Amino acid sequence: MIPKLAFGFAQEIQQTLNRTICQDVRIRAVQRRVESVPVFTVGSGLNRQNLTKPLGFPVRIDQKAPRIWMNLSYQVRLDSAQRYLTVHKSYFGIFSDESLETCLCHFDFERDKQKYTGAHVQVHGKSAALDALNRVGDEKRPLDKLHFPVGGKRFRPCLEDVIEFLVDERLADGRAGWRQLVSEGRERFHRNQLRAAMRRNTAVVEEFMREHDSQD
């Protein structure tokens with residue numbers, strides 16, 4: 001079951017990109033060779049020789065030289081009930097060069113992360129405020145080492161949020177109708193996250209239903 005779900009998820013990501021800010025991007029899902037459970041990596045440039053390191057791709061809707069590049073990856077597997085596809089890790093990186101050496105920011109998620117918040121954004125640049133706030137031992141800590149929390153496991157930024165950010169901030173151009181597609185995709189994401197939260201918190205759902213019924 002998981003190969004079909006993972007391949008379908010990769011197609012959904014590909015269509016979202018190519019219908020909004022990209023053209024001819026190919027997104028694939030490939031299975032990791034050594035895992036105790038089936039795990040798929042989803043991204044661009046993956047094949048049997050490259051199972052874990054997706055490649056960057058240009059963000060453009062025409063044949064002009066790209067100004068911006070993106071690298072994204074997902075690690076997906078079945079949930080504990082072995083029924084629903086779950087994102088274990090995700091990464092959206094925004095770069096100004098094809099070699100992916102000059103990063104603007106990246107949005108990360110790692111389920112059950114302990115050291116810092118699992119859903120976060122890291123911004124590359126210089127900050128006089130951080131230079132002033134760093135304590136002894138942190139004097140040389142750059143801005144991109146800070147992990148800014150963004151919504152937690154359930155309501156973290158999705159791909160549609162990143163697309164909206166790029167177009168609204170004039171970093172990328174969007175195709176006609178891109179905003180409607182983004183809105184619909186984000187609604188599906190939020191609905192899926194809400195359903196997952198409900199499955200894991202049935203007591204809260206029952207409490208809500210009792211309160212709702214009592215108000216009718």
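**Exercise 1. Contacts along the chain**

Work out what share of the contacts between residues at least 6 apart in sequence join residues at least 24 apart.

*Solution.* Start from the contacts in this predicted model that link residues at least 6 apart in sequence. Within that set, keep the pairs at least 24 apart, and you arrive at 48%.

**Exercise 2. The overall build**

Describe the order of the elements, then the extent of the protein and its surface.

*Solution.* Begin by counting: the protein has five helices and eight strands. Next, read from the N terminus, which gives α-β-β-β-β-β-β-β-α-β-α-α-α. Then lay a box along the principal axes; the C-alpha atoms fill roughly 55 × 45 × 40 Å. For burial, 39% of the 216 residues count as buried. Turning to the surface, about 13500 Å² is exposed, and carbon and sulfur atoms supply 50% of that area. Finally, take the charges: there are 35 positive and 28 negative ones, and their mean positions lie 6 Å apart.

**Exercise 3. Placing Asn-71**

Decide whether Asn-71 is buried or exposed, and list what it touches.

*Solution.* First, locate the residue: Asn-71 sits in strand S4. Second, check its accessibility. The relative value is 12%, and because buried means under 20%, Asn-71 counts as buried. Third, set aside residues up to four places away in sequence and look at what remains: Asn-71 touches Pro-54, Leu-55, Gly-56, Tyr-91, Phe-92, Gly-93, Phe-95 and Leu-100.

**Exercise 4. Two positive phi angles**

For Asp-24 and Asp-112, find the phi angle, the loop and the exposure.

*Solution.* Take Asp-24 to begin with. Its phi is positive, about 60 degrees, although the residue is not a glycine. Asp-24 belongs to the loop that connects helix H1 (2–18) with strand S1 (27–31). With 58% relative accessibility, Asp-24 is exposed, because the cut-off is over 50%.

Now repeat the steps for Asp-112. Phi of Asp-112 is near 60 degrees, again positive in a residue other than glycine. The loop holding Asp-112 runs between strand S6 (103–110) and strand S7 (119–123). The relative accessible area of Asp-112 is 59%, so Asp-112 is exposed as well.

**Exercise 5. A charged patch**

Name the residues that form a patch of positive charge on the surface, and place Arg-83.

*Solution.* The members of the patch are Arg-83, Arg-191, Arg-195 and Arg-199. To place Arg-83, look between strand S4 (69–78) and strand S5 (85–95), where it lies in the loop. As a last check, Arg-83 has a relative accessible area of 55%, so it counts as exposed.

Terms used. Residues numbered from 1 in each chain as written. Predicted model: local features only at pLDDT ≥ 70, side-chain atom pairs only at ≥ 80, totals over all residues. Heavy atoms only, no water. Patch = residues over 30% accessible without salt bridge, like charges linked within 9 Å, V, L, I, M, F, W, Y side chains within 5 Å. Areas by Shrake-Rupley, 256 points an atom, 1.4 Å probe, with all protein chains shown as cover. Salt bridge = Lys/Arg side-chain N within 4 Å of Asp/Glu carboxyl O. Lys, Arg positive; Asp, Glu negative; His and termini not counted. Charge placed at Lys NZ, Arg CZ, Asp CG, Glu CD. Helix = DSSP H or I, 4+ residues; strand = E, 2+ residues; numbered from the N terminus. Buried < 20%, exposed > 50% of the residue type's maximum accessible area, 1.4 Å probe, protein only. Contact = heavy atoms within 4.5 Å.
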